[in-house]
Amino acid sequence: MSFADALELLGIDSARIAALDRALGGALNMATGGASGTVLGMVSGRGRIVGAGRDAVRGLGERLGRAAARAERTDVLRAAHTVIVVVAWFEALEEAQLPFSFDDLELTRDEQVRIAQRASGDGSHPDSRWQSLLTVEAPIPTPDIPPEDVPGLLLPHYLVLADAFEQFLHGLALTERHSMRQHAEIRMSLLDMAGAAVARYEELYAQLIQQAPEFQFWTTRIEHWSTRNQVRLALSGIDTLLARTAQTLAPPVDVAAALARAHLADLGHPVLDATSAPEGFEVPPLEDMYLDPDFRVAVPGRQGNPADEHWWEQVDVRQDLTRYLAGALTSPALTEAPLLVLGHPGAGKSVLTRVLAARLPAAGFLPVRVPLRDVRAEDELQDQIEQAIRSVTGERTTWPELVRAAGGATPVLLLDGFDELLQTTGVHHTDFLVRVARFQQREAEQGRSVLALVTSRATVADRARHPEGMAALRLEPFRPEQIQRWLAIWNEANASSGQPLTWEAVDRHRELAEQPLLLTMLALHDATEGRLRGETGEPLAVTELYEELLSTFARREVTKTSPGAVPDHVLDERVEQELQRLSLVAFALFNRSRQWVSADELDADLVALLGKQVSQDIGFRTPLDAAEVALGRFFFVQRAQSLRDGRVLATYEFLHATFGEYLTVRLTLRLLTDLLPARPSAFSLAEGRIDDDLAYTLLSYAPLSSRQMTHFAVELTQRMPAAERDRLASRLVEVLRVHGARTTDQYPAYRPAALRTAARHGLYGANLVLMIVVLRGRTSAAELFPEAADPVHVWHRHCMLWRSSMDEEQWTDFALTFTPRQAWGEGGGRTLTITLRAGTLRAPQPVDANWLFGYPQGHGGEVWQRSYWDELWHKAAVTGSTADSILRLALEPVIGNLGPALTTFVPVDGERASSLAHDLLELLLHDTTELTDDELIALYERTVRGLGLMPHGWHNFGRVVQALLTVHERDKDRLGDSVRDMLRSQTLGPLDRLS
């Protein structure tokens with residue numbers, strides 16, 4: 001928006017604008033009055049510019065009162081901002097302390113020619129850059145930008161103008177009369193003038209706030225209007241805030257009015273389907289139950305990734321959602337690109353769009369909520385909008401007709417569930433956000449400015465292209481204050497139904513309670529069972545809670561769909577059947593290493609595992625269509641869908657990832673327990689085949705080593721009798737021994753991932769070992785591989801197989817699950833024990849070379865050496881893993897300079913044996929003040945002993961000796977004569993430096 005456009009929008013008479021343009025040398029119309037005529041015109045006409053701008057802004061309130069539409073009001077606000085940006089510069093120019101008078105600025109013909117010759121087509125000519133002051137809009141505040149950052153955005157704009165003015169002055173004979181010091185003063189004055197212009201802008205902006213509330217919405221800090229940790233209900237107050245900006249607009253009519261009524265009625269509907277609540281309990285309506293969440297907001301830019309948790313950690317948490325949305329919905333920025341609202345499943349994204357649609361004042365805004373799961377995915381956006389309108393109002397209309405019926409209100413598109421399009425249709429809709437921005441651009445050109453908001457799960461936000469300038473807002477989990485307020489509302493609505501649900505009851509399960517939908521699930525469970533505590537009154541353990549949650553909801557759904565009375569044992573079997581269906585969904589996610597699975601993929605898995613059956617027999621093998629129905633009715637399983645070519649495309653995802661992890665571990669334990677023989681074989685000399693086909697099929701695609709899954713496994717196995725745990729662990733050792741001999745695959749159609757057979761064997765073996773350690777708490781290489789001559793070596797070979805079967809993240813999780821410990825057995829042989837790691841990660845057990853090479857513990861014989869030090873370097877390079885490469889990078893100077901010292905080993909009676917390289921580095925890098933004198937002397941003696949075995953012809957021998965002499969000089973006051981004598985004898989002759 002140009003300065004002339006802004007003046008006209010603000011009501012300045014066109015004749016006055018034309019007169020001003022003539023005085024400025026045609027600058028307003030982007031004409032020039034000869035070389036540097038633009039600069040001279042604007043400098044001499046600065047008073048007229050300020051006067052016209054001041055008059056225009058002074059009449060802002062009156063001009064806003066005449067706005068016939070919300071979009072027109074936004075244009076007027078933008079015009080006012082453009083004017084104060086220009087006025088601020090010229091007021092600063094008027095007050096600048098320069099060593100000359102503006103009245104002295106005249107150009108001779110020679111000066112005009114000289115300046116014209118310096119001009120270029122790249123915009124470096126002073127006229128070109130000064131022209132930008134009147135023709136290019138400066139950055140405008142938005143609620144996405146912290147108020148303190150706005151001056152920083154304007155300052156570069158003003159500095160460019162200061163530089164252009166300085167170039168203009170250098171072209172005048174006037175400045176040639178100035179000294180170098182005066183030139184420096186001129187430059188400093190112009191730089192100061194840029195800063196003064198920013199200060200004047202802030203003063204003028206504060207005056208605009210008095211005339212239009214929108215300017216306050218865009219820049220008000222949280223602490224200026226709100227108390228920290230305050231909990232707000234259902235965007236309360238946003239209608240009042242926005243009504244102040246739309247007092248003169250006509251109310252909507254016809255289909256627009258019907259749409260507004262439908263949105264408003266939604267506030268009175270329960271936050272969940274009322275049938276989800278147990279008999280005698282009430283689910284409060286949306287208006288009473290919805291709490292404004294905390295949020296973070298930022299503009300992704302080229303380097304930003306809204307799906308990256310680490311990126312969001314750099315953004316401050318805000319608690320002013322109502323005020324932020326008021327600012328965003330009145331900002332020009334939201335007419336150019338949508339606001340992307342992100343959150344995890346159950347965070348309240350869809351509910352936010354419902355509340356916002358109901359709260360927006362109909363006199364200024366026309367909310368149109370489009371659930372993308374219910375419209376045809378292949379249609380154009382306009383067609384999808386019209387489908388959604390018909391679904392809500394029952395009326396057929398076109399988009400232009402709807403806008404005309406809105407009475408000047410600005411349409412607000414609330415496009416809910418973009419992630420469902422991405423998950424169900426793949427890459428087909430990765431440009432959806434860009435298409436929304438293009439739709440906004442087209443509508444603006446047609447005089448129908450549109451605001452847009454799009455919701456999506458955070459995990460898929462990186463799979464879409466982002467339009468320029470798009471802001472992203474991420475909903476945050478509930479704070480304790482919000483959970484407590486939610487509980488108070490729930491308990492008040494159900495005061496007559498029994499014991500209230502307390503904060504103490506849900507606090508232990510805060511990871512679930514932080515998500516609004518999962519908090520509702522906890523409340524419904526407590527209402528059904530009457531407790532979130534165990535029989536002793538203590539809060540339920542995590543696995544107990546998950547089992548009760550899943551079983552309770554499964555039992556309710558089975559009861560609803562079962563005609564007549566069902567015997568308890570039959571009901572129990574059907575509940576288990578439902579949970580096993582859910583467990584297969586969990587494995588579908590787990591074995592694909594992602595949080596969602598498409599309906600087609602799930603169907604393929606179920607057919608491969610269960611077969612195509614049409615009978616309704618109870619048991620593990622269940623009809624495919626029944627499984628699909630069951631998944632749809634568990635509300636803690638999110639079913640995303642879209643319509644494409646008349647067909648429903650669906651994906652499944654758990655509202656919280658830990659539900660899937662629990663179900664995966666739960667079914668794993670049942671499958672492994674099934675491997676126990678019911679009774680010993682009658683013919684004990686024969687070894688019966690272990691039927692672990694299904695266990696192998698499900699457990700050979702991904703490791704069960706995430707921290708939460710291991711925790712679940714430990715809790716569940718602790719409920720088993722100790723004898724049964726030991727029997728199962730022994731049985732899994734047998735399975736580990738024979739599983740590598742598998743030659744057939746009983747479920748060849750089950751292929752959730754493309755893995756080689758060797759990798760599947762590795763992953764299955766890794767999971768067996770993990771479960772053995774979980775069951776026993778501690779095991780050893782000898783117990784895992786009882787038939788091996790050297791169990792430690794076999795453990796190493798299996799580790800290499802496991803590592804090759806996993807990606808880097810999987811291997812990291814798996815390796816960090818265990819703590820290995822090297823020791824010696826009763827016969828003096830090597831042993832290796834493996835336990836589950838507990839607590840924070842600590843440094844591993846120090847290496848003892850005696851153990852590595854099979855010497856007895858505390859062996860103190862002669863120094864020994866191996867010749868393959870260079871092979872270690874090469875083998876690490878061949879494997880090329882990230883971990884090996886990082887260590888190799890750090891150790892390249894060590895390997896290159898110490899070489900044979902890596903494989904020269906020094907034993908000490910009763911202590912661990914170390915290498916010469918280790919001891920040298922210990923002396924060079926370790927803080928020796930932490931060692932006692934005896935420990936320091938022993939370290940020197942060990943180092944010198946190892947040095948004696950090094951060949952004197954080795955090219956780095958002298959360098960190593962020199963390093964040793966250097967540290968000896970540091971420590972000589974603490975060392976006795978024995979160290980000095982050893983150094984003399986081992987380094988070929990007397991050393992004068994030690995005398």
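**A covered strand, two nonpolar cores and a one-sided helix**

In this predicted model, strand β4 and strand β5 (residues 451–457) run parallel and are joined by 4 bridges. Within this pairing, V412 of β4 stands opposite L451 of β5. Strand β4 also pairs with strand β3 (residues 365–371): the two run parallel, with 7 bridges between them. Here L413 of β4 has V368 as its opposite residue.

With partners introduced, the surroundings of β4 can be described. The strand spans residues 410–416, and 7 of its 7 residues are buried. Cover is found on both faces: one side carries T410, V412, L414 and D416, the other carries P411, L413 and L415, and all of these are buried. The residue opposite L451, V412, thus belongs to one face, while L413, opposite V368, belongs to the other.

A second sheet follows an antiparallel pattern. Three strands make up this open sheet, in the order β10-β12-β11. Its edges are β10 (778–780) and β11 (818–824), each of which pairs on one side only. Neighbouring strands are turned against each other by 25 degrees on average, direction ignored. Between β10 and strand β12 (residues 830–836) there are 3 bridges, again in the antiparallel sense, and R778 stands opposite T835 of β12.

Attention now turns to the nonpolar interior. The largest nonpolar core holds 210 residues, of which Y158 and W795 touch the most other members. Helix α6 (residues 70–95) supplies the largest share of this core, with 14 residues. Leaving aside residues up to four places away in sequence, W795 touches V769, A781, L784, F785, W802, L832 and I834. One of these contacts, L832, lies within the residue range of β12. Another core, of 44 residues, lies apart from the largest one, and its members include A298, L422, A464 and A472.

Finally, helix α4 offers a clear example of two unlike sides. This helix (residues 46–58) has 13 residues and reaches 18 Å from its first C-alpha to its last, close to the 18 Å expected at 1.5 Å a residue. Its buried residues include R46, I49, V50, A52, G53, A56 and V57. Why do they fall on the same side of α4? They cover an arc of only 165 degrees around the axis, and therefore sit on the same side of the helix. In general, an α-helix has 3.6 residues a turn, so residues three or four places apart point the same way. On the face of α4 turned away from the buried side, the exposed residues R48 and R58 are found.

How values were computed. Residues numbered from 1 in each chain as written. Predicted model: local features only at pLDDT ≥ 70, side-chain atom pairs only at ≥ 80, totals over all residues. Heavy atoms only, no water. Buried < 20%, exposed > 50% of the residue type's maximum accessible area, 1.4 Å probe, protein only. Pairing = 2+ DSSP bridges. Core = buried A, V, L, I, M, F, W, Y, C linked by side-chain atoms within 4.5 Å. Contact = heavy atoms within 4.5 Å. Axes fitted to C-alpha atoms, helices over the stretch in contact; angles between N-to-C directions. Expected span 1.5 Å × (residues − 1). Arc of directions from axis to C-beta.
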